[in-house]
Amino acid sequence: MNGQNEGRRAGMPWVWGATREEVMAAYPCDDLAGPDDDRLVRAVRVAAPAHEVYTWLGNLRVAPYSYDWIDNLGRRSPRRPMPELGPFRTGQKVMYIFAVEDVTPGTDVTVRTRPGRRFALFGDVWVTYRVVPEGDGSRLVAVLRFGAGRGPLNRVRRRLLSWGDLPMMRKQLHTLRDLAERTA
């Protein structure tokens, strides 16, 4: 790993729910981001097999699964897995603002903010979602990288995104966990 921010900051808002091993592990988004880009790690334990959790990750192509009234224009995220979406493919739209960048089927998917003025507020953001078997269940880990950019306004933007992401990602991971446990 490279870069000081990859030096694995601890505590809020940088780490939530993740083990030391999860924080120290390498993820595909780490290879795509720069050495000075912020790195956030979020994780939850799921009492469902990894394949069930990964199936639910596929639904991120149609809804964000966080606070629907904010992220999904008030529409409820689907409450059933949607295998008809098929496997992830590079370039597919995910959660409106992202596109699939890299896929390891059954294990992880990495997304990046889509280009364009509509998404400029977020800057470059990469997210890897990884599902890892653990005992009779699994772990769902999300690692986010925020582009470093330049200037004081960018530092403020990155700080606000880091704190703002925390409740959103927490809700998303908990919702995906609950749904996977229910359908397992």
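Tyr96 comes out partly exposed in this predicted model, at a relative accessible area of 26%. That places Tyr96 between the cut-offs, since buried means under 20% and exposed means over 50%. Tyr96 sits in the loop between β3 and β4, and its phi is a positive one, near 70°, even though the residue is not a glycine.

Met95 is found in the loop between β3 (93-94) and β4 (98-104). Its phi is positive too, near 50°, and again the residue is something other than glycine. For context, most residues other than glycine have a negative phi. As for accessibility, Met95 has a relative accessible area of 11%, so it counts as buried, the limit for that label being under 20%.

The strands on either side of this loop belong to an open sheet of seven, laid out in the order β1-β2-β7-β6-β5-β4-β3 with mixed pairing. β1 (15-16) and β3 take the edge positions; each has a single partner strand, so one side of each goes without a neighbour in the sheet.

Elsewhere in the sheet, β5 (residues 108-113) and β6 (residues 125-134) run antiparallel to each other and pair over five bridges. Val111 has Val127 of β6 as its bridge partner. In general, strands of a sheet pair through backbone hydrogen bonds, whether parallel or antiparallel.

Then there is helix α3 (residues 50-58), which lies across β2 (38-46), β4, β5, β6 and β7 (137-146). Relative to β6, helix α3 runs at about 155°.

How values were computed: Residues are numbered from 1 along each chain as its sequence is written. This is a predicted model: local features need pLDDT of at least 70, side-chain atom pairs count only at pLDDT 80 or more; totals for chains, interfaces and linings use all residues. Side-chain values use heavy atoms; hydrogens and water are left out. Helices (H or I, at least four residues) and strands (E, at least two) are DSSP runs, numbered from the N terminus. Buried means under 20% relative accessible area, exposed over 50%, partly exposed in between (1.4 Å probe, protein chains only). Two strands pair if DSSP finds at least two bridges between them. Contact means heavy atoms within 4.5 Å. Axes are lines fitted to C-alpha atoms, for helices over the stretch in contact, and angles run from 0 to 180 degrees between N-to-C directions.
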